[in-house]
Amino acid sequence: MTIASLSDLADTALCPLLVVKVGSSLLVGAGGVRREWLSGLVAEIAEVRARGQGVIIVSSGAIALGAARLGLDKGGRGSLADAQAAAAVGQIALSGLWAELLGSHGLTAAQILLTLDDLEDRRRYLNATATLARLLDAGAVPVINENDTVATQEIRFGDNDRLAARVAQAAQASAVLLLSDVDGLYDRNPREPGAQLIAEVDGVTAEIHAMASRESASGMGSGGMTSKLQAAEIAELAGIALVIGNGIHERPIARVTQEGIGTLFRARRKSGARKAWLGGRLRLKGELTVDSGAAVALAGGSSLLAKGITRVEGQFDRGDPVAICSEEGCVLAHGLAEYDAQECARLKGRHSSEHAELLGYAPRSAVIHRDQLVLK
């Protein structure tokens, strides 16, 4: 059974576990925390739980809250140091707020702070998966945010849209609901006359990406429509539906599920757990460019052989994740390399029969085996 409509998000059988992401602009307004609105959202979450569905919350807002308390300009995003300091102050307030409001409905909040490395490293990813599973089994509501206090530009998600998709993947959720300040994906900038809301998307294509705007309407968050489409790509690879809905209104979950206002990105396929993790990675160690023949072979389910590689970029070791790209620069796949970068450079364009002489040892059958490769 798969989620085919927005109303399915309220179906316990079709959606036993829902991830709800709340953006900064929804939590924090000009006058501080939008407490009345948040109380209404928590009441909705309590209703979701009451009908038997599990819920995970991915909550932005720590930097915005901390910046207000510290009196930092630019919403605390003037520098990395400001953002980290603001997050340190704001995270206490944010977690306390969620714990208080969920507690008023008899629900127990559990705080989890993550960095990119926690979900990019396979072992730490599995640890996060186990923690989420135990919390949900115990009846808690995990409240997750990026650990902005220690995250640097090199190791941060950069927005909680993609974090929500990765969390959904780790928790094996059924759907992700991104509550933002727009109704969903429009065919052009929604500020333009005649812009049309797209109700359903079957696969994020280049044409869909062309519709996106990188701008965040509030200026408070770090994401935009582009980050939401990237989140949808991560989700669809794991067989998870993703919905963009407008959180500004009262009872935003009901507005999506009952009134049908939002954009549903249907899950197109479901890869195995390891391949879904690999395909959703945001940081890769290198890049292998392949010729047209290799691109066709990959699309047909073959492993990547050295003969089809035309260029090697980056520094990577055996087992590191790399991108496989066409000669036009399009990403075709992610995979785990069987050779390091120097070996790949020596082997590129050469037949398998030459590998032993080039390397001085018996080679592996492929540069990237099809079992360690996922098409994009």
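Two strands count as paired here if DSSP finds at least two bridges between them. That is the yardstick for the first close-up, and everything below comes from a predicted model.

**Close-up A. Strands S11 and S12 sit side by side in a five-stranded sheet.** With 5 bridges between them, S11 (residues 286-290) and S12 clear the bar, and they run antiparallel. For a specific pair to click on, try Glu287, whose bridge partner in S12 is Glu313. The sheet is open and mixed in its pairing, with the order S12-S11-S13-S14-S15. Strand S12 (309-314) and strand S15 (373-375) are the edge strands, each with a single partner, so one side of each has no neighbour in the sheet. From one strand to the next, the twist averages 20°.

**Close-up B. Glu313 also makes a salt bridge with Arg311.** The closest N and O atoms of this pair are 2.9 Å apart. Is Glu313 buried, exposed or partly exposed? Its relative accessibility is 35%, so Glu313 counts as partly exposed. Arg311 falls in that class too, being partly exposed at 40%.

**Close-up C. Arg35 and Glu100 join two helices through a salt bridge.** Their side chains meet at 2.2 Å, N to O. Arg35 belongs to helix H2 (residues 35-50) and Glu100 to helix H4 (residues 80-103), so the pair ties together parts that are 65 residues apart in sequence. Arg35 is partly exposed at 38% relative accessibility, and Glu100 is partly exposed at 44%. In total, the model has 15 salt bridges.

**Close-up D. Helices H3 and H4 cross each other.** The axes of H3 (residues 62-70) and H4 come within 6 Å, with a crossing angle of roughly 100°. Angles of 65 to 115 degrees count as roughly perpendicular, and H3 and H4 are therefore put in that class. On the H3 side, the contact residues include Ala62, Ile63, Leu65 and Gly66. H4 contributes, among others, Ala83, Val89, Gln91 and Leu94.

**Close-up E. Helix H9 packs on an eight-stranded sheet.** This open sheet has mixed pairing and the order S5-S6-S4-S1-S7-S9-S10-S8. Strand S5 (109-114) and strand S8 (200-201) are at the edges; each has a single partner strand, so one side of each is left without a neighbour in the sheet. H9 touches S7, S9 and strand S10 (263-265), and its direction makes about 155° with that of S9. Within the sheet, strand S7 (residues 175-180) and strand S9 (residues 241-246) run parallel and are joined by 6 bridges. Val176 is the residue opposite Leu242 in S9.

**Close-up F. Several residues here carry a "binding site" annotation in an unreviewed UniProt entry.** The annotated residues include Lys21, Ser180, Asp181, Met225 and Lys228. Met225 is part of helix H9 (residues 225-237). At 9% relative accessibility, Met225 counts as buried. Which residues share a salt-bridge network with Lys21? Asp161 and Lys228 do, the three being linked in a network of salt bridges.

**Close-up G. Glu354 and Arg350 form another salt bridge.** Their side chains meet at 3.0 Å, N to O. Glu354 is partly exposed at 25% relative accessibility, and Arg350 is partly exposed with a relative accessible area of 32%.

Notes:
Residues numbered from 1 in each chain as written. Predicted model: local features only at pLDDT ≥ 70, side-chain atom pairs only at ≥ 80, totals over all residues. Heavy atoms only, no water. Salt bridge = Lys/Arg side-chain N within 4 Å of Asp/Glu carboxyl O. Helix = DSSP H or I, 4+ residues; strand = E, 2+ residues; numbered from the N terminus. Buried < 20%, exposed > 50% of the residue type's maximum accessible area, 1.4 Å probe, protein only. UniProt positions renumbered as here; feature names shortened; annotations may be inferred. Axes fitted to C-alpha atoms, helices over the stretch in contact; angles between N-to-C directions. Parallel < 35°, antiparallel > 145°, perpendicular 65-115°, else oblique. Contact = heavy atoms within 4.5 Å.
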